[in-house]
Amino acid sequence: MKAIGVFPGKASSAHLIDVPRPALEDIPHGRGVMVRILRLGLDGTDKEINAGEYGTAPDGQDYLITGHESLGRVEEIGPAVTEFAPGDYVVARVRRAGDSLYDLIDTPDMTTDDAYYEHGISRVNGFLTEYYVEDPRYLIKIPQGLKHVAVLLEPTSVAEKGIIEAYEIQRRLKVWQPRRAAVLGAGTIGLLATVILRNRGLAVTTFGLDEPPYLNSDLAEAVGAAYISTKQQSLAQNAAQTGGYDLVFEAAGYSPIVFDAMCHLVAKNGILVLSSVTGGMRRSEVPSDAINLDFVLGNKVMFGTVNANREHFEAGVQDLAVAEAQYPGWLSRLLTHPVHGLDHYDEALAALGAPGAIKVFVEIAEA
Ligand code: BGC
Ligand code: ZN
């Protein structure tokens with residue numbers, strides 16, 4: 001079967017390869033689920049991998065099959081599988097268990113191992129191919145009515161984890177009632193975080209770089225959020241007017257904005273969630289005394305979040321369903337750049353970060 005492989009560490013090495021089709025028996029004890037891959041979304045991580053800045057090949061292999069935002073359909077199941085049936089739509093979790101305590105309780109997203117295993121990213125082949133065989137524990141069932149937007153589930157799960165953890169951490173306050181949230185970044189994760197927070201009833205302000213109106217600002221406003229371009233108003237100016245936010249979700253992919261947000265945007269007792277994977281070497285100077293004092297005197301929290309476990313994928317299914325019911329067609333508007341067929345993977349890579357692109361995805365087979 002066809003697959004797209006890269007040589008990690010080497011720039012622009014994506015190439016079409018031919019690999020053997022997996023077998024149901026690859027998973028022991030009759031627990032294999034054979035999945036036909038239908039759609040595969042790409043993001044900034046794939047861009048970094050293709051630039052040779054990120055990504056690790058599996059042991060004993062010089063290439064890595066990329067792709068981690070999948071949607072597939074079950075074709076065949078092993079005799080001991082009860083959870084799925086042929087015809088079911090599924091999304092695969094990205095991270096696989098390592099050895100730490102957190103991995104043992106099925107939360108590999110929290111692993112403390114140095115090496116982590118992520119399909120299409122780190123040490124395990126990904127889904128930019130035609131079939132995979134998996135254990136049911138790593139699959140999430142998608143309701144039939146969501147299959148047209150379910151390629152968004154993996155990035156949704158990343159936003160869900162950050163938001164769910166923020167609420168868990170804030171149980172320290174006993175009576176936390178967040179009313180106002182800020183989202184930094186209006187790309188896929190920023191817009192998905194916006195709709196999740198709107199579903200929870202918060203007033204949301206989404207900050208992006210570009211000046212409105214454009215598709216991303218329209219999408220933020222369509223779910224009742226306010227959109228602000230940081231070219232028109234700085235975070236400091238905004239905070240002076242608004243008094244800051246109970247929850248700030250950072251998904252801008254630009255690390256200096258983290259310190260700007262720490263400095264200005266977090267209200268007393270508030271929480272700042274960091275979700276951007278910034279692979280570079282950028283440095284910046286910050287007003288450290290002021291930031292420190294403000295966090296101490298305001299009882300503020302900042303934490304980082306990566307990946308997601310089953311709980312967050314399942315919360316993502318719920319929020320996608322609510323979003324589809326409340327704002328019909330909104331999720332589909334995020335799917336801006338379809339590319340048809342694995343053979344055209346280079347078009348997909350070129351579309352990443354192109355003007356107007358929100359979600360770039362490859363249509364691999366008919367849904
Ligand atoms: C993926 C996550 C992954 C992270 C770090 C993101 O693009 O969506 O699943 O944990 O990259 O590798
Ligand atoms: Zn990703």
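Which handedness does the β-α-β unit made by E16, helix H8 (residues 288-297) and E17 have? The unit is right-handed. The model is predicted, and this report covers its parallel strands, a loop, the zinc site and the surroundings of ligand 1.

## Parallel strands and crossovers

Strand E15 (residues 245-250) pairs with strand E16 (residues 266-274) in the parallel sense, over five bridges. Within this pairing, Val 266 in E16 stands opposite Tyr 245. Between E15 and E16 the chain passes through helix H7 (residues 256-264), in a β-α-β crossover that is right-handed.

E16 also pairs with strand E17 (residues 301-304), again in the parallel sense, over four bridges. Here Leu 272 has Met 302 in E17 as its bridge partner. Helix H8 (residues 288-297) joins E16 and E17 in the right-handed β-α-β unit of the opening question.

## The loop between E16 and H8

Val 277 is located in the loop that runs between E16 and H8. Is Val 277 buried, partly exposed or exposed? Val 277 counts as partly exposed because its relative accessible area is 47%, and the range for that class lies between 20% and 50%.

Val 277 and Gly 304 are separated by 27 residues in sequence, and their C-alpha atoms are 9.9 Å apart in space.

## The zinc site

The zinc ion (ligand 2) has two protein donors, Asp 43 (OD) and His 68 (NE2), at 2.0 to 2.1 Å. Asp 43 belongs to the loop between strand E3 (33-42) and helix H1 (44-50), and His 68 to the loop between strand E4 (64-65) and strand E5 (69-77), so the pair ties together parts that are 25 residues apart in sequence. Asp 43 and His 68 are both buried.

The site of the zinc ion has four donor atoms, and the angles among them run from 78 to 157 degrees. Why is the site irregular and not tetrahedral? Four donors count as tetrahedral only if all angles lie between 85 and 135 degrees, and the angles of 78 to 157 degrees at this site go outside those limits.

## Around ligand 1

Both protein donors of the zinc ion, Asp 43 and His 68, are also among the residues around ligand 1. Others in that set include Tyr 54, Val 94, Glu 118, Ile 121 and Val 306.

Three side chains around ligand 1 have an N or O atom at a listed distance from one of its oxygen atoms:

- Thr 45, at 2.4 Å
- Glu 154, at 2.8 Å
- Asn 307, at 2.9 Å

Conventions. Residues are numbered from 1 along each chain as its sequence is written. Chains are lettered from A and ligands numbered from 1 in the order in which they are written. This is a predicted model: local features need pLDDT of at least 70, side-chain atom pairs count only at pLDDT 80 or more; totals for chains, interfaces and linings use all residues. Side-chain values use heavy atoms; hydrogens and water are left out. Donors are N, O and S atoms within 2.8 Å of the metal (3.2 Å for Na, K and Ca); water is not among the atoms, so sites may look incomplete. Four donors count as tetrahedral if all angles lie between 85 and 135 degrees; four count as square planar and six as octahedral if opposite donors are over 155 degrees apart and all others between 65 and 115; anything else is irregular. Helices (H or I, at least four residues) and strands (E, at least two) are DSSP runs, numbered from the N terminus. Buried means under 20% relative accessible area, exposed over 50%, partly exposed in between (1.4 Å probe, protein chains only). Two strands pair if DSSP finds at least two bridges between them. A crossover is right-handed if, with the strands pointing away from the viewer, the path from the first strand over the helix to the second runs clockwise. A residue is near a molecule or strand if one of its heavy atoms lies within 4 Å of it. A polar contact is a pair of N or O atoms within 3.5 Å; within protein, one must be able to donate a hydrogen and the other to accept it, and residues adjacent in sequence count only if both atoms are side-chain atoms.
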